[in-house]
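Hi,

Here is the structure I promised to pass on. Have a look at it first, and then read my notes below.

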Amino acid sequence: MPTLRSRFLAYGSRATSSRKSGPAKDRREKSAAEELLDYAATFQVPHNYFTHFYVTSVACSLFWRWKLRLWDESGHIQVVWALMLLQGVRRMLESWAYTSSSKSTMWFAHWILGLVFYITINIAIWIEGPARASGSWAKAALVPAILTAHTLQHSYHAYLYRLRTESKGYQLPSHPLFNNLLCPHYTCEVVIYALLSFLAAPDGRLVNWTLVCGTIFVATNLGVTAIGTKQWYAEKFGEDMVSPRKRMIPFVW
């Protein structure tokens, strides 16, 4: 809904841009409901609170390893746990290393939702029961694929940070894989959770359905953000420069 989207969905630089352009154009008298929504939208936290998500994820990984005595479990569930820990540690370090001094903010509900997600996703990896026995084809095929997605996502985050800091501002990405895709780091995020859904499948099942639900949440959340990112790029650098590029899915969307 446009009324909610303009106030609550955008965050970071996109939110700063929308707040500068939106209210200035709207000079009509607002209804009581709109005034209430405007007030709710003022509850902001710094954008660099994203780091809290990954600190929470790492803490949850360590807690469940101790609580469930995962060192006594099969090697397979230990691999799944280690990959989830890797995701939290890597993103936590990237957040610290690549955080800018920007004054960008996000709505406080985004912050709470992110904390809830990382608390529950660390439960999702084991809640459905023991994963397949170690040595299965899934372990041999999926672990390298997940590590590749980690490597690619890290390279994209590092590239975007260098692009922003070395250019002293936002620039249209020109990384080889950015030429046709605006948000490949979002794509990698979805791929990581999708592959974990297969890797963490309990005995007798193809996937871990709890992790599938988490993957759908991630894809939906980042998909909405990718829409806003493309719109923001188009406003900043011109529709002609941005329109040929896809958002998250190569050659499709």
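I'll begin inside: the largest nonpolar core has 46 residues, and of these I121, Y193, L196 and L199 touch the most other members. The elements giving two or more residues to this core are α4 (50–67), α5, α6, α7 (137–166), α8 (184–199) and α9 (209–237). Apart from it lies another core, of six residues, with Y156, Y159, F178 and C188 among them. By core I mean a set of buried Ala, Val, Leu, Ile, Met, Phe, Trp, Tyr and Cys residues joined through side-chain atoms within 4.5 Å. Buried is under 20% relative accessible area, exposed is over 50%, and partly exposed is in between (1.4 Å probe, protein chains only). Helices are DSSP runs (H or I, at least four residues), numbered from the N terminus.

Before you go further, note that this is a predicted model: local features need pLDDT of at least 70 and side-chain atom pairs count only at pLDDT 80 or more, while totals for chains, interfaces and linings use all residues. Residues are numbered from 1 along each chain as its sequence is written, and side-chain values use heavy atoms, with hydrogens and water left out.

Back to L196: leaving aside neighbours within four places in sequence, L196 is in contact (heavy atoms within 4.5 Å) with V80, L83, M84, I146 and L211.

Now the surface. L36, Y39, F43, F108, I112 and V116 form a nonpolar patch there, with about 580 Å² of accessible area together. Two elements, α3 (32–41) and α6 (108–124), give two or more residues to the patch, and α6 gives the most, with three. L36 sits in α3 and is exposed, at 57% relative accessible area. For the cut-offs, patch residues have over 30% relative accessible area and no salt bridge, with like charges joined within 9 Å and nonpolar side chains (Val, Leu, Ile, Met, Phe, Trp, Tyr) within 5 Å. Areas come from Shrake-Rupley with a 1.4 Å probe, and for residues only the protein chains shown count as cover. In soluble globular proteins, nonpolar side chains tend to be buried together.

On to charges: the whole structure has four salt bridges, each a side-chain nitrogen of Lys or Arg within 4 Å of a carboxyl oxygen of Asp or Glu.

- K30 pairs with D38, the closest N and O atoms being 2.6 Å apart; K30 is partly exposed, at 27%.
- E94 pairs with R90 at 3.0 Å. Both lie in α5, four residues apart, about one turn of the helix, and both are buried. R90, R91 and E94 are linked in a salt-bridge network.
- R205 pairs with E128, also at 3.0 Å. R205 is in the loop between α8 and α9 and E128 in the loop between α6 and α7, so the pair ties together parts 77 residues apart in sequence. R205 is partly exposed, at 43%.

While you are in α5 (residues 75–98), check S95. S95 is buried, at 10% relative accessibility, and a polar atom of its side chain lies 2.8 Å from the backbone oxygen of R91. Beyond neighbours within four places in sequence, S95 is in contact with T51 and Y54.

Last one: I227, in helix α9, is partly exposed, with a relative accessible area of 35%. Outside its neighbours within four places in sequence, I227 is in contact with R247 and W253. I227 and W253 are 26 residues apart in sequence and 9.8 Å apart in space, C-alpha to C-alpha.

Cheers

Conventions:
A polar contact is a pair of N or O atoms within 3.5 Å; within protein, one must be able to donate a hydrogen and the other to accept it, and residues adjacent in sequence count only if both atoms are side-chain atoms.
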